[in-house]
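Here are a few exercises to work through with the model open on your screen. Try each task before you read its solution.

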Amino acid sequence: MAEQGAAGRGLGPLEAEVMSALWRAQVPLAVRDVVAEINAGRDAPLAYTTVMTVMTRLAHKGVLGRSRSGRHYMYAPLAPDTAAIAVQSVLDEFGDAALARFVERAELDPRLQARLRRLMGPEQ
Amino acid sequence: MSALVRRASAWSAWLAFGLIMAAHVGLAVLAVIEVVMLGWLTSTWFDLVAVSVVLASAAAGLTAAAWVAARAVRGSRTLSRLARSSRAPCPSRIMAAAAGLGPGPDIEVVRADEPFAVTYGLMRPRILVSTGLAEALSVKGIAAVLAHERHHVRHRDPLRLLAVRLAAAYGCWLPAAAWLARNLALRRELSADLAAARRTSRADLAAALLRLASLPACPALAAARSAADERRSLEARVTQLEGSQPRRTRPAMGRIVASGGTIALVTAACMCCAALSQALPGGLL
């Protein structure tokens with residue numbers, strides 16, 4: 001993983017640390033696990049709420065996926081490395097500025113999906 | 001022939017817009033001179049209103065346009081730097097799809113799971129795709145996407161889109177400006193879709209649209225841009241693929257009326273500013 005080299009343009013230092021912890025783990029983690037992981041290598045430990053805020057923001061940005069498990073959320077990275085996150089965040093941030101994207105992610109409604117399926121013809 | 005007429009009318013519309021904008025900015029400068037030379041206190045309230053309308057509309061337009069231009073340049077630069085720094089080897093499926101289309105512009109590839117394809121670059125347009133695109137689509141589907149993007153490259157669409165957005169930003173005080181920009185942008189997409197469907201096939205393009213548009217919208221993005229606009233644009237593209245003319249939309253009647261009213265107000269204010277200049281020592285006009 002290239003998370004060390006290209007310290008993400010789309011990520012702040014704390015966000016990068018959270019992402020590194022999740023990439024290293026390779027399984028979904030709860031905020032508690034991430035706090036433990038980060039604080040293991042830190043002189044001044046971070047508060048639980050600080051890390052939780054960062055992770056909530058990352059989930060909102062579409063960088064982390066989260067699923068509810070019991071009383072709390074489990075988080076997993078949606079992108080393989082910082083380069084991918086950086087590209088994604090540039091597209092999201094400047095998508096309406098000066099580029100032509102093939103199509104925006106839009107969560108098609110079922111009627112439009114059905115019309116596209118019909119266009120795809122019988123072989124599909 | 002009709003293409004020639006269309007091109008001529010588009011150019012004359014742009015020329016007219018440029019002239020009107022130049023006149024507007026010129027009058028705003030004149031308004032500043034008038035304020036400085038004549039002084040606010042000696043003017044009538046009528047003059048004051050006219051001068052402030054001209055100044056406010058020109059200042060709002062120029063600020064918004066500068067903001068759009070700065071974002072466009074920054075976005076293109078960042079993307080180009082990223083494409084260079086995190087360039088990935090081109091997946092064989094993408095190479096096969098590009099080869100099937102014949103010689104064309106280079107394709108930049110970045111490693112990302114999310115499948116996407118964009119054309120960017122104001123002066124030198126180029127295509128950027130993710131490695132995820134190779135996994136998400138068949139070779140034929142990738143070819144349809146690339147044919148669509150090649151059309152954008154051939155027509156320098158990033159630059160065209162910027163021109164449209166700059167014009168809309170300058171007219172940001174007109175309620176119908178955003179609608180106009182959206183429509184012109186949609187026309188570029190429709191034209192690229194037509195080219196792609198002709199070069200590959202409707203079925204391949206439909207498959208690619210279905211796969212890439214079905215991804216869940218990014219929550220931050222959904223808030224920033226109107227999801228309803230995105231849906232309307234997709235609707236028009238599907239309608240065109242089905243072989244019918246996409247329904248022409250029109251901005252809400254209220255917006256048309258409000259825009260017309262605003263234009264009338266600003267025009268009247270501009271004329272008032274021009275007339276006011278006769279009071280200047282030496283008579284500027």
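## Exercise 1: a buried aspartate and its partners

B:Asp157 is buried, its relative accessible area being 0% (buried means under 20% relative accessible area, exposed over 50%, and partly exposed in between, with a 1.4 Å probe and protein chains only). Before going on, note that this is a predicted model, where local features need pLDDT of at least 70, side-chain atom pairs count only at pLDDT 80 or more, and totals for chains, interfaces and linings use all residues. Residues are numbered from 1 along each chain as its sequence is written, chains are lettered from A and ligands numbered from 1 in the order in which they are written, and side-chain values use heavy atoms, with hydrogens and water left out.

Task: find which residues form a salt bridge with B:Asp157.

Solution.

1. Start with the definition: a salt bridge is a side-chain nitrogen of Lys or Arg within 4 Å of a carboxyl oxygen of Asp or Glu.
2. Look along the helix. B:Arg160 meets B:Asp157 in a salt bridge, at 3.8 Å from N to O. Both sit in helix α6 (residues 157-170) of chain B, three residues apart, or about one turn of the helix. (Helices, H or I, have at least four residues and strands, E, at least two; both are DSSP runs, numbered from the N terminus.)
3. Check how open that partner is: B:Arg160 has 36% relative accessibility, so this residue counts as partly exposed.
4. Now look beyond the helix. B:Arg188 also forms a salt bridge with B:Asp157, and here the closest N and O atoms are 2.9 Å apart. B:Arg188 belongs to helix α7 (residues 177-199) of chain B and B:Asp157 to helix α6 of chain B, so this pair ties together parts that are 31 residues apart in sequence.
5. Finish with the burial of B:Arg188: this residue is buried, with a relative accessible area of 15%.

## Exercise 2: a salt bridge in chain A

Task: work out which helices are linked by the salt bridge of A:Glu37.

Solution.

1. A:Glu37 pairs with A:Arg24, and their closest N and O atoms are 3.4 Å apart.
2. A:Glu37 is in helix α2 (residues 31-40) of chain A and A:Arg24 in helix α1 (residues 13-25) of chain A, so to speak distant parts of the chain, 13 residues apart.
3. A:Glu37 counts as partly exposed, at 35% relative accessibility.
4. For the full tally, the structure holds 11 salt bridges over all chains.

## Exercise 3: two helix pairs

Task: describe how α1(B) packs with α2(B), then do likewise for α1(A) and α3(A).

Solution.

1. Two packed helices are described by the angle between their axes and the distance between the axes. Axes are lines fitted to C-alpha atoms, for helices over the stretch in contact, and angles run from 0 to 180 degrees between N-to-C directions.
2. In chain B, the axes of helix α1 (residues 2-38) and helix α2 (residues 45-85) come within 9 Å and cross at roughly 130 degrees.
3. That makes α1(B) and α2(B) oblique to each other (under 35 degrees is roughly parallel, over 145 roughly antiparallel, 65 to 115 roughly perpendicular and the rest oblique).
4. Among the residues making the contact are B:Ala28 and B:Val32 of α1(B) and B:Leu55 and B:Leu62 of α2(B) (contact means heavy atoms within 4.5 Å).
5. In chain A, α1(A) and helix α3 (residues 48-61) pack at about 85 degrees, their axes 10 Å apart. This leaves α1(A) roughly perpendicular to α3(A).
6. Residues that meet here include A:Val18 and A:Leu22 in α1(A), and A:Val54 and A:Leu58 in α3(A).

## Exercise 4: strands

Task: trace the hairpin of β1(A) and β2(A), then the open sheet of four strands.

Solution.

1. Strand β1 (residues 64-69) and strand β2 (residues 72-77) of chain A run antiparallel, joined by six bridges (two strands pair if DSSP finds at least two bridges between them).
2. One bridge partner to spot is A:Ala76 in β2(A), which goes with A:Gly65.
3. The hairpin has two residues between the strands, and A:Gly70 takes a positive phi near 65 degrees.
4. The open sheet has the order β3(A)-β2(B)-β3(B)-β1(B), with mixed pairing. Its edge strands are β3 (99-101) of chain A and β1 (107-110) of chain B, each pairing on one side only.
5. Inside that sheet, four bridges join β1(B) to strand β3 (residues 126-130) of chain B, and the two run parallel. B:Val109 stands opposite B:Val129 in β3(B).
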